[in-house]
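Open the model in a viewer with residue selection enabled. Then follow the stops below in order.

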Amino acid sequence: MLKATEGRERMERLDRADPVVHGAVLAEEARQKAQLEMIASENFVSPAVREALGTVFTHKYAEGLPGRRYYGGCEFADQVEDLARSRATQLFHAAHANVQPHSGAQANMAAYFAFLKPGDRILGMNLSHGGHLTHGSPVNFSGRLFEVSAYGVRGTDGRIDYDQVRDTALKVRPRLIVTGASAYPRTIDFEKFGAIAREVGAFHLADLAHIAGLVAGGHHPSPVPHADVVSTTTHKTLRGPRGGLLLCREKHAGTIDRMVFPFIQGGPLMHVIASKAVALGEALSPGFRDYGRRVVENARALADQVMARGVQLVSGGTDNHLILVDLRDRALTGKDAEQALERAGITVNKNTVPGERRSPFVTSGLRIGTPALTTRGMGPAEMKTIADWIADILDRPADESLIGRIRDRAGDLCAAFPLFGDQSFPIRR
C-alpha cells in the first residue's frame, strides 16, 4: 500500500518537474473531495487500485497473450494478466475473459468484428432512449460501419417493450442484437433478449458497462448464460480503473482474443491490467455484494424523494444505480439544470430522454447516479437530503442565494464523508 509520505514525495517530484500539471492534479483532487459526485458513470477507486495504476508496468510492452508474447521479459506481465483473467471469469461465472481492451468502446468494437463484416445489420438500443454511442449511433463507428435498426422504450412507462423488440428483430433479421444501456434505470431481461436472438439466428452482445458491479454482486440478472459475448468497462459500478474487458463462451475465445489483438489494438496497457486485477480481486471480496446492495438502495431512496417533491422520472423510478430526470414539464433544459446543480456542488450530467427533441448538447433530462457517493459511505438519509437540494434547485435554478446555501451544505456533507479516507473503501482486502 502506498504510504502517505511516499505519495507526498511523488507529488513533490511532479511539482518540480511540471508545476502546471501538478496544479491541475491538486485542483481536481480538491474538486472531487468537495463536490457531490453523482455522474452515474463515475466512481472512486481504492488506494490499492490507484497504486497499481502507477507502477512500473507502465514501461512494459507485452503484445500477445500470457505465454504467447511477441516480446521478452513478460514473466510478471503474464502473472498479473493471468490473475486478472482468472478473477474476471470467477467473478462473472464466465468461460473466458480478455482484459486487454483499453475502453468499453474498444471492447464493443472487438465484439462486433468477431461476428460481423462491415455492412451487416445490428439491432441496438436507441441512444435517446438510453442506449450507447457504440450501439449504432450514426456519429460512431457502429453506426457508420454497420446497417442499424433500433429498439427503444414505451412512451407510456419508459420501459423496454420486449414484444416490440421481437417484432423488429423478426422484421429486420439482424446479424447481431446489442443489449445493455447507458441511461436505462430498469432491470434488463437478458434472458428474453437471448431467446429473441436465437429465434432470429442472431448473435447476442450484452454491454454491461454501467451495471457490471451490480451483476457481480448479484443485484442484477447476469447476461453471461444468455449472450455470446459480454462487454463491460472496469470503472463505474465495478469500481476499477478506466478500461474494458470481454467475457465469452469458450468456443468464441480465440476469435475474441484475435479481434482485440492484433485487429484493433497493439500492446496492452499492463499498468492498467495490473490495476484491473486488483479491482477484480476487491469485487470478489464479501463486502462488494453489500456495496452493490447499498448503491441500489441509495438510488431508490433518491428516486422516491425527488418524485415526492414533484420531479418527474423516466419510468417512474429505478431498479439500479441511476435515475433519469425528465425536465420537459419545466421551462428548464438539461444543460441549464446541470450547470445550476454544479454551482451548488452537485455534479451530474445532462442527458437525452425518450422522445428527445433538443440537441444532445442541450437535452431535456438529467442522469444522476449513486455509485460514487455510496463509495464515500453515504446512505439513504443522505440521499433524501440531496434529493431535496436537487428539487429545490430545479424549482429555482436562477436563485443564486439558494444555490450558495446548498453549496455550503453540500461541502459540509462531503467533509462528513471524507474521500480517500478509511471509511471510503470498507471492502478493501
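The tour goes from a sheet to a group of helices and ends at a single residue.

This is a predicted model, in which local features need pLDDT of at least 70 and side-chain atom pairs count only at pLDDT 80 or more, while totals for chains, interfaces and linings use all residues. Residues are numbered from 1 along each chain as its sequence is written, and side-chain values use heavy atoms, with hydrogens and water left out.

**Stop 1: the sheet**

Select the open sheet of 7 strands, ordered β4-β10-β9-β8-β7-β5-β6 with mixed pairing. Strands here are DSSP runs of E with at least two residues, helices are runs of H or I with at least four, and both are numbered from the N terminus. Two strands pair if DSSP finds at least two bridges between them. At the edges are β4 (96–98) and β6 (147–151), each pairing on one side only.

Next take β5 (residues 121–125) and β7 (residues 176–179), which run parallel and are joined by 2 bridges. Leu-123 has Ile-177 as its bridge partner in β7. Now add helix α7 (residues 162–172), which packs on the sheet and touches β5, β6 and β7. The direction of α7 makes about 160 degrees with that of β6; angles run from 0 to 180 degrees between N-to-C directions, and axes are lines fitted to C-alpha atoms, for helices over the stretch in contact.

**Stop 2: α15 and its partners**

Select α12 (residues 286–308) and α15 (residues 380–395), which pack at about 35 degrees with axes 8 Å apart. Contact (heavy atoms within 4.5 Å) involves residues including Ala-301 and Leu-302 of α12 and Met-383 and Ala-387 of α15.

Keep α15 and add α16 (residues 400–416): the angle is about 160 degrees, with the axes 10 Å apart. The two helices, α15 and α16, are therefore roughly antiparallel, a term for angles over 145 degrees. Residues in this contact include Ile-386, Trp-389 and Ile-393 of α15, and Ile-403, Ile-406 and Leu-413 of α16.

**Stop 3: Ala-340**

Is Ala-340 buried or exposed? Select Ala-340, in helix α13 (residues 334–343). Ala-340 is buried, at a relative accessible area of 1%; buried means under 20% and exposed over 50%, with partly exposed in between, using a 1.4 Å probe and protein chains only. Leaving aside neighbours within four places in sequence, Ala-340 is in contact with Ile-393, Pro-397 and Ile-403. For a distance check, pick the C-alpha atoms of Ala-340 and Lys-236: they are separated by 24 Å, and the residues are 104 apart along the chain.

Note on methods:
Parallel < 35°, antiparallel > 145°, perpendicular 65-115°, else oblique.
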